[in-house]
Structures are given as C-alpha cells and as structure tokens.
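Please open the model in a viewer and keep the sequence panel visible. The stops below each give a selection and then what is found there.

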Amino acid sequence: VGRWSSSPSSLKPAGFSLRRPVVVARAAAGNAPSSPAGAVVTELDVVSSFSEIVPDTVVFDDFERFAPTAATVSSSLLLGIAGLPDTKFKSAIDTALVDGECNTMEKPGDRMSCYLTKALGNVGAELALQVPGRVSTEIDARLAYDTQGIVQRVHELLQIYNEHDIPSERLLFKIPATWQGIEASRLLESEGTQTHLTFVYRHVHALCLIWSQPYFL
C-alpha cells in the first residue's frame, strides 16, 4: 500500500495522489463512514475505513514516536537494514550470517538460502517484540512453483520463531499466488498455520483464488 520513508519529516504514503469526489468515494466505500459535504476523500481513506493499513517497508528505530501496529519481513527489508548499520536490527542479520548450521552446508546456494531464512526469522522475531499485531514473513519467490519447498520453508521459519518464543498466532506467511503456492497455503492452513497470498496481477488470477480457496480473501 505504498512505501514509507525512514525520515520522520517525510512519513506520508507515496502513490496515493488519486483523489475522488466524496460522493464517488462513498459509493466505492459502501459502509464507510460519511464525510462532511464538500470534503475530499482519498483512496487511502476509503481503504482505511475497511482495514488497517500496514506499511510494507519500515526501517527506523523510533518505535515510541512512530509506533507501527504490524510488520512485514522481506528480502527488501533486510537490504534496507543492511544499509543502516546503526539500526537495532543489524545484529539479527549478523547472527544469521555466523550461524553454524548454515556454515556447514557445502553448496553455496543452500548456504545463502539458509542465511536468508535465519535472517528473516531473526528480524521477524525482533519486530514481534516491537509491534502488538502480527508479523508477516515473505517466502522466497524462487520457491513459487515448489509446493513442498514452500511448506518446508515455512516450517523452518516457524522453528526459528519458536526458538525466540514467538507464538504462531502472531505470525503470517506471505506466499506467491501460483497454483503451487495456493496448494502450499491450503496445506499450511490445514495445519493451523496462517498464510496470505501475494503477486495477484490479473482478474482471472484473483478469480482462481476465489474458486479454489475462498477463505484466503
């Protein structure tokens, strides 16, 4: 839903310049709260009337002043943290890079995947201590067409979160919405692990999700 800058002076969403007259916005919002006559309602206002808006990318340490209610952990977030050496989350990545289990793997690709998984779990655990809501963890898009690979990766992340004493009900796992990803989500949901799907680009894609697993939406 937009990106947020780490600078306190520029904490406003980008990409929501589209504005509609209040009458049109009300029609789109359905049961959204009414606004005074003549007021301008943005698309962000309409979406906020139905759900809580969670920034996708947040990298700053002032959680008392700018307190997020939930968080998303992704590879792009790890990259942002790596570029801010003074952030409190840097140590979570450093811990992953010296993990003994990862360092014993012979194949470089396996080692890198292990480092990424450990880093995601470590940073997610730190965020779970800072936010009252859920922490969503992105699953590696390279596993998008591997159902069992997605399930295994989620189990690995769950183990890391468990080691940090983060309960599973505080967690979500963001899975690519391929057919294999949808099947992985079905299997994980049947275990009690909560997921949500991403990379839905076309109407027919969304319809396939509705037909296959309506409770995902």
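**First stop: a loop residue**

Select Asp165, which sits in the loop between α7 and β5 (171–176). Helices (H or I, at least four residues) and strands (E, at least two) are DSSP runs, numbered from the N terminus. The phi angle of Asp165 is near 60 degrees, a positive value in a residue other than glycine. Asp165 counts as exposed, because its relative accessibility is 67%. The classes are buried for under 20% relative accessible area, exposed for over 50%, and partly exposed in between (1.4 Å probe, protein chains only).

This is a predicted model, in which local features need pLDDT of at least 70 and side-chain atom pairs count only at pLDDT 80 or more, while totals for chains, interfaces and linings use all residues. Residues are numbered from 1 along each chain as its sequence is written, and side-chain values use heavy atoms, with hydrogens and water left out.

**The whole chain**

Zoom out and colour by secondary structure: the chain has nine helices and six strands. Of its 217 residues, 38% are buried. Among contacts with a separation of 6 or more, 56% are between residues 24 or more positions apart. Contact here means heavy atoms within 4.5 Å.

**Strand β5**

Which residues does Phe173 touch, not counting residues up to four places away in sequence? Select Phe173 in strand β5 and show its surroundings: it touches Thr137, Ile139, Val154, Leu157, Leu158, Tyr161, Thr193, Gln194, Thr195 and His196. Phe173 is buried, with a relative accessible area of 1%. A distance drawn from the C-alpha atom of Phe173 to that of Val154 reads 7.2 Å, for residues 19 apart along the chain.

Next select Ile175, also placed in strand β5. Its relative accessible area is 0%, so Ile175 is buried. Leaving aside neighbours within four places in sequence, Ile175 is in contact with Ile139, Ile150, Gly181, Ser185, Leu188, Thr195, His196, Leu197 and Thr198. The C-alpha atoms of Ile175 and Val154 are 9.5 Å apart in space, and the two residues are 21 apart along the chain.

**Helix α7 against helix α8**

Two packed helices are described by the angle between their axes and the distance between the axes. Select α7 together with helix α8 (residues 179–191): their axes come within 8 Å and cross at roughly 40 degrees. That angle makes α7 oblique to α8. Axes are lines fitted to C-alpha atoms, for helices over the stretch in contact, and angles run from 0 to 180 degrees between N-to-C directions. Angles under 35 degrees count as roughly parallel, over 145 as roughly antiparallel, 65 to 115 as roughly perpendicular and the rest as oblique.

The crossing of α7 and α8 is right-handed; the near helix is turned clockwise from the far one by less than a right angle, whereas anticlockwise would be left-handed. Show side chains for Thr147, Gln148, Ile150, Val151, Val154 and His155 in α7, which meet Gln180, Gly181, Glu183, Ala184, Leu187, Leu188 and Glu191 in α8. By class, this contact has six nonpolar, five polar and two charged residues. Ala, Val, Leu, Ile, Met, Phe, Trp, Tyr, Cys and Pro count as nonpolar, Asp, Glu, Lys and Arg as charged, and the others, Gly among them, as polar.

**Helix α7 against helix α6**

Keep helix α7 (residues 147–163) and add α6: the axes come within 9 Å and cross at roughly 45 degrees. The crossing of α6 and α7 is right-handed. From α6, the contact uses Ser113, Thr117, Lys118, Leu120, Gly121, Asn122, Gly124 and Ala125, and from α7 it uses Arg153, Glu156, Leu157, Ile160 and Tyr161. These residues divide into five nonpolar, five polar and three charged.

Leu120 leads to another selection, Ser74, which touches Leu120 and Glu138 when residues up to four places away in sequence are not counted. Ser74 lies in the loop between β3 (71–73) and α3 (75–82), and is buried at a relative accessible area of 3%.

**Last stop: the disulfide**

Select Cys102 and Cys114, joined by a disulfide with an S to S distance of 1.9 Å (the term covers a pair of cysteine sulfur atoms within 2.5 Å). Cys102 is in helix α5 (residues 100–103) and Cys114 in helix α6 (residues 108–128), 12 residues apart. The structure holds one disulfide. The torsion about the S-S bond of Cys102 and Cys114 is about -70 degrees, so the disulfide is left-handed. Cys102 is buried at 0% relative accessibility, and Cys114 is buried with a relative accessible area of 9%.
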